[in-house]
Amino acid sequence: MRRLLIAVAVLALAGCSARSTTSPSGDKPSTSASDSAAAADFGTLKNVCHSGTAKASTSQGVTNSEIKVGVFSDVGFTKNPEFVDAAKVFTSWCNDAGGINGRKLVPVTHDSKLVEVRQRMIEACRSDFALVGGGAALDGMGVKDRLNCLLPDFPGQTSQAIGADLQVTVQGAATGYSPYGGYFSWLLKEAYPASASSVGIIAGDSPVVKPITAQDKETLTAAGGKITYSDLYPAQGVSDWTPYAQSIKNKKVKGLVFLGDFASLAKLEQVLTNIGYAPDWIDANSNAYGPAFIQLAGTALAKQANFADLGGFSPLEDASANPATKRVEELYKKYAPNAQVTLPALKAFSSWLLFATAAGDCAELTRTCVYDNARKQTAWTGGGLQAPMDLSSSTVPPKCFDPVKATAKGWVAADFKPDTGAYRCNGTPYKFKGTYPKPMTLADVGKSLADLK
């Protein structure tokens with residue numbers, strides 16, 4: 001989950017945007033979509049949103065008719081509106097179904113523009129009931145202010161701030177554990193056991209990426225891999241990837257982890273292919289999961305074996321076989337027909353579902369009630385969007401993974417022997433032994449859960 005924002009953090013130092021997609025401002029509801037899209041059920045979740053007579057509430061951001069919810073996004077920098085789109089689609093559907101016990105959801109976009117996280121968090125602290133379904137590459141800049149104002153967070157993505165107090169993430173924070181232990185173990189011990197003798201890692205030179213690089217090295221080593229190559233590439237860009245490709249070839253790297261933007265990875269792979277070298281596998285990371293990387297990598301995909309772990313979320317390519325993913329596509333077609341359904345969008349949607357489910361069970365809508373209800377979920381699946389996840393504690397270790405492979409025709413499920421539906425959940429979680437930055441707590445700002453109202 002954290003890797004999805006690495007590209008943005010790397011490109012921040014380069015002063016350019018990650019990619020451009022269609023803005024939601026031009027979307028209009030499709031008149032051809034099924035009327036059933038406004039039904040209150042979502043997958044295995046029943047009566048998610050519905051009308052009712054809401055009891056009076058004194059909580060910030062809540063009136064008798066509305067709930068103001070903040071959505072963080074770096075859209076002003078990335079030009080990528082996926083969190084804004086997800087908020088629009090979910091709240092439109094939920095409000096059509098009656099809202100949260102009759103209250104309409106009002107999403108408020110906080111455009112952090114990469115470096116304005118703290119400014120936007122201060123604004124959110126003044127007006128919002130909670131934060132839902134968003135993400136910012138430099139999210140750590142806003143945690144202290146968020147905890148000071150006791151603002152609950154149900155993020156679609158996290159980067160630096162994962163595991164902080166008053167946060168419930170649908171994939172679990174897994175504080176102290178590697179989110180890629182099962183995935184790396186599968187690559188090194190089952191899929192390509194010969195690759196364990198020479199593993200490399202290359203990352204964009206950014207403060208955000210450095211601790212993740214160190215954690216990946218520890219996890220790979222624990223899984224039996226021997227790190228024989230490690231390098232950084234400048235965030236401002238690389239005009240010629242030949243020296244990097246040649247070093248990878250000279251070191252005879254058999255397994256390569258890439259931490260950075262997928263456009264740079266595509267260029268590196270084209271050079272690797274041109275010099276006649278291909279590692280057994282390349283971890284492209286989930287940032288590359290989508291059609292853009294397939295297009296950019298082009299003919300190199302015939303030689304280079306790229307994988308990405310979706311972290312227990314159902315692949316978009318299997319939407320026809322997964323009612324929950326298919327439902328998301330139907331709702332996008334109705335409420336934002338020009339928007340693209342992405343992996344971050346699915347995570348955001350699951351976060352919105354969690355918030356709505358937790359809020360809907362509150363007789364009196366308070367932050368304490370919503371946060372406590374969300375923490376009661378011990379097998380959260382987002383109605384079928386993801387593998388079951390215990391959200392009761394931020395230290396619950398990760399259990400499930402589901403890698404996909406890039407091909408010239410698109411991404412496909414890898415042959416990884418799933419054991420729990422579309423996922424594999426029988427691995428032994430890896431607990432870090434190294435020292436890494438710890439998530440911020442309420443105690444760090446002189447508060448406790450008793451202060452939450």
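A crossing of two helices is called right-handed if the near helix is turned clockwise from the far one by less than a right angle, and left-handed if the turn is anticlockwise. Keep that in mind during this tour, which moves through a predicted model.

**First stop: helices H8 and H9**

Select residues 242-250, which form helix H8, together with residues 262-274, which form helix H9, and you will find that the two pack at an angle of about 60°, with their axes 9 Å apart. That angle makes H8 oblique to H9, and the crossing in which H8 passes H9 is a right-handed one. To see where the two helices touch, show the side chains of Thr 242, Tyr 244, Ala 245 and Ile 248 in H8, which meet Leu 268, Val 271 and Leu 272 in H9. If you colour the contact of H8 with H9 by class, you will have 6 nonpolar residues, 1 polar residue and no charged residues.

**Second stop: the buried side of H8**

Which residues of H8 are buried? Keep Tyr 244, Ala 245 and Ile 248 selected, for these are buried in H8. They cover an arc of only 95° around the axis, which means that they lie on the same side of H8. Now add strand E5 (199-204), strand E6 (227-233) and strand E7 (255-259) to the view, because the buried residues of H8 pack against these three strands as well as against H9. Just beyond the helix, select Lys 252, which follows H8 and has a positive phi, near 55°.

**Third stop: Leu 232**

Go next to Leu 232, which has its place in strand E6. Is Leu 232 buried or partly exposed? With a relative accessible area of 37%, Leu 232 counts as partly exposed, since that class lies between the limits of 20% and 50%. Apart from residues up to four places away in sequence, Leu 232 touches Ala 203, Gly 204, Asp 205 and Tyr 244, and Tyr 244 is one of the buried residues you selected in H8. If you draw a distance from the C-alpha atom of Leu 232 to that of Lys 252, which is 20 residues apart from it along the chain, the separation is 18 Å.

**Fourth stop: helices H6 and H7**

Select helix H6 (residues 181-191) and helix H7 (residues 209-222), whose axes come within 9 Å and cross at roughly 50°. H6 and H7 are therefore oblique to each other, and H6 passes H7 in a right-handed crossing. Their contact is made by Gly 181, Phe 184 and Leu 188 of H6 and by Asp 216, Thr 219 and Leu 220 of H7. By class, the residues in this contact of H6 with H7 are 3 nonpolar, 2 polar and 1 charged.

While H7 is on the screen, look for Thr 213, which is found in this helix and is buried, with a relative accessible area of 9%. Setting aside its neighbours within four places in sequence, Thr 213 is in contact with Ile 201, Ala 203 and Leu 259.

**Last stop: helix H4**

Finish with residues 117-127, which form helix H4, and pick out Val 117, Arg 120, Met 121, Ala 124 and Cys 125, which are buried. Because they cover an arc of only 145° around the axis, they are on the same side of H4. What do the buried residues of H4 pack against? Add strand E1 (66-73), strand E2 (104-111), strand E3 (130-132) and helix H5 (143-148) to the selection, and you have the elements against which they pack.

Key. Residues are numbered from 1 along each chain as its sequence is written. This is a predicted model: local features need pLDDT of at least 70, side-chain atom pairs count only at pLDDT 80 or more; totals for chains, interfaces and linings use all residues. Side-chain values use heavy atoms; hydrogens and water are left out. Axes are lines fitted to C-alpha atoms, for helices over the stretch in contact, and angles run from 0 to 180 degrees between N-to-C directions. Helices (H or I, at least four residues) and strands (E, at least two) are DSSP runs, numbered from the N terminus. Angles under 35 degrees count as roughly parallel, over 145 as roughly antiparallel, 65 to 115 as roughly perpendicular and the rest as oblique. Contact means heavy atoms within 4.5 Å. Ala, Val, Leu, Ile, Met, Phe, Trp, Tyr, Cys and Pro count as nonpolar, Asp, Glu, Lys and Arg as charged, and the others, Gly among them, as polar. Buried means under 20% relative accessible area, exposed over 50%, partly exposed in between (1.4 Å probe, protein chains only). The arc is that of the directions from the helix axis to the C-beta atoms.
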